[in-house]
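Trainee: I should like to understand how the descriptive terms for a fold are justified. May we go through them one at a time?

Mentor: Certainly; let us place the structure before us.

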Amino acid sequence: MKRVPLGLGVLRPLLLGMLLGALAATWWLATRAERQQQQQRLAQTTNWPPREFNSGCNWHYLRVDASGWSTGPIGTFQDLGSRFRHLLPAATEVVIPIFPSVYAPSMIDKLYYNAILQSEIAPGDKVLVIGTGSGADAWVASLKSKAPVYAVEINPMATVNAQTTARLAQFDLRIVVGDIRETELPADFSDFDFVLWNMPYLDNQGKIALNTFHDGDDGSILKGFLARLPALLKPTGRAMLLNVPEAAAYIATPGVTTQTDGTIVLFTIPRP
Ligand SMILES: C[S@@+](CC[C@H](N)C(=O)[O-])C[C@H]1O[C@@H](n2cnc3c(N)ncnc32)[C@H](O)[C@@H]1O
């Protein structure tokens with residue numbers, strides 16, 4: 001039998017492949033740090049595309065009882081099963097999914113959620129929630145207004161998340177996907193009694209970065225929103241915004257009142 005020599009003819013493509021693979025790996029490693037820095041800069045200065053945290057899908061419970069609003073993640077599928085089996089009456093607890101890229105409500109936001117519960121939102125009031133994320137705040141607003149809740153959200157994934165929450169919690173949500181600074185809104189997105197926004201104020205690790213204003217790179221989100229506010233509110237209407245104390249520098253409207261938990265601030269703003 002004739003032997004086939006394993007010479008350079010066979011080895012050459014193999015060596016070339018290994019060389020190209022080594023070059024690609026070197027390039028990827030050399031540029032990784034720069035790519036990560038770019039992503040961090042983008043997340044810190046725009047809020048869109050979404051920050052990298054919460055890239056998976058999770059379940060959270062939302063609860064309203066005598067001690068106020070609370071939330072938390074559902075740890076295991078067993079917990080999920082028992083939550084669904086022992087649900088309190090529908091109006092006081094819901095279990096909702098948090099879709100990838102969507103902000104998961106946490107106890108950091110307690111001031112905002114309890115302020116909605118204690119607000120003067122009355123049955124029949126027209127409420128607009130900006131950046132409703134998973135729809136958690138739209139749900140709490142619906143418990144107060146017992147009427148359709150309106151929303152504008154920049155992250156398309158979050159609009160679907162909020163619609164799912166509305167379906168699970170059985171309230172009527174009319175949501176538009178878009179940037180509140182510029183998106184064209186349907187004619188009935190006007191004459192609101194209340195406009196609510198738990199504004200972007202976390203850094204790209206999902207933490208409160210004290211003394212840092214995470215709103216565009218120049219307060220452009222807050223400024224753009226405030227410019228639009230008069231056209232959204234009824235003459236007697238009010239906006240309730242949660243943000244870091246540094247946001248105060250951008251809110252010049254007379255009659256603003258504040259509440260704080262020592263870290264973040266809830267601004268109540270009459271129609272400018
Ligand atoms: C801190 S999260 C609050 C989410 C939700 N309201 C909650 O309490 O869990 C801010 C939300 O605002 C949305 N957002 C950021 N900039 C926006 C803009 N310019 N227009 C509309 N929504 C925006 C984000 O996608 C995000 O869902």
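The following exchange takes the sheets, the helix pairs and the ligand shell in turn.

Trainee: What kind of model is this?

Mentor: This is a predicted model.

Trainee: What is the strand order of the open sheet of three strands, and how is its pairing described?

Mentor: The order is β2-β1-β3, and the pairing is antiparallel. Two strands count as paired if at least two bridges join them. Between β1 (residues 58-65) and β2 there are six bridges, so this pair satisfies the criterion of at least two. One residue pair illustrates the register: Val64 stands opposite Trp69 in β2.

Trainee: Why are β2 and β3 said to stand at the edges?

Mentor: Strands β2 (68-73) and β3 (93-98) each have a single partner strand, so one side of each is left without a neighbour in the sheet. Neighbouring strands here are turned by 20 degrees against each other on average, direction ignored.

Trainee: Which helices lie against these strands?

Mentor: Helix α3 (residues 110-118) lies across β1 and β2, running at about 140 degrees to β2. Helix α4 also packs on this sheet and touches β1, β2 and β3. The direction of α4 makes about 25 degrees with that of β1.

Trainee: Why are α3 and α4 called roughly parallel?

Mentor: Their packing angle is about 15 degrees. Angles under 35 degrees count as roughly parallel, and α3 and α4 are therefore described in that way. Their axes lie 9 Å apart, and the crossing is right-handed.

Trainee: Which residues make this contact, and how do they divide by class?

Mentor: From α3, Tyr113, Ile116 and Leu117 meet Asp137, Val140, Ala141 and Lys144 of α4. By class, the contact has five nonpolar, no polar and two charged residues. Asp and Lys count as charged, so Asp137 and Lys144 supply the charged pair.

Trainee: What describes the packing of α4 with helix α5?

Mentor: The axes of α4 and α5 (residues 156-169) come within 9 Å and cross at roughly 35 degrees. The crossing is right-handed. On the α4 side the contact involves Ala136, Ala138 and Trp139, and on the α5 side Ala162, Thr165, Ala166 and Ala169. These residues divide into six nonpolar, one polar and no charged. Ala and Trp count as nonpolar while Thr falls among the polar residues, so Thr165 is the polar member.

Trainee: What makes the pairing of the open sheet of seven strands mixed?

Mentor: The order of this sheet is β6-β5-β4-β7-β8-β10-β9. Strands β4 (residues 127-130) and β7 (residues 192-198) pair in the parallel sense over four bridges, whereas β9 (residues 257-260) and β10 (residues 265-270) pair in the antiparallel sense over four bridges. Both senses occur, and the pairing is accordingly given as mixed. Ile130 has Trp197 in β7 as its bridge partner, and Gln259 has Leu266 in β10.

Trainee: How do you know that β6 and β9 are edge strands?

Mentor: Strands β6 (173-177) and β9 each have a single partner strand, so one side of each lacks a neighbour in the sheet. The twist averages 15 degrees from one strand to the next. Helix α6 (residues 220-232) packs on this sheet, touching β4, β7 and β8 (233-243), and its direction makes about 150 degrees with that of β8.

Trainee: What lies between β9 and β10 in their hairpin?

Mentor: Four residues lie between the two strands, and Gly262 in the turn has a positive phi of about 100 degrees.

Trainee: Which residues come nearest to the ligand?

Mentor: Of the 22 residues around the ligand, Pro105, Gly131, Gly133, Ile154 and Asn198 come nearest. The elements giving two or more residues to the shell are α4 (136-145) and β5 (149-153). By class, the shell has ten nonpolar, seven polar and five charged residues.

Definitions and conventions. Residues numbered from 1 in each chain as written. Predicted model: local features only at pLDDT ≥ 70, side-chain atom pairs only at ≥ 80, totals over all residues. Near = placed C-beta within 6 Å. Axes fitted to C-alpha atoms, helices over the stretch in contact; angles between N-to-C directions. Left-handed = near helix turned anticlockwise from the far one by under 90°. Contact = placed C-beta atoms within 7 Å. Parallel < 35°, antiparallel > 145°, perpendicular 65-115°, else oblique.
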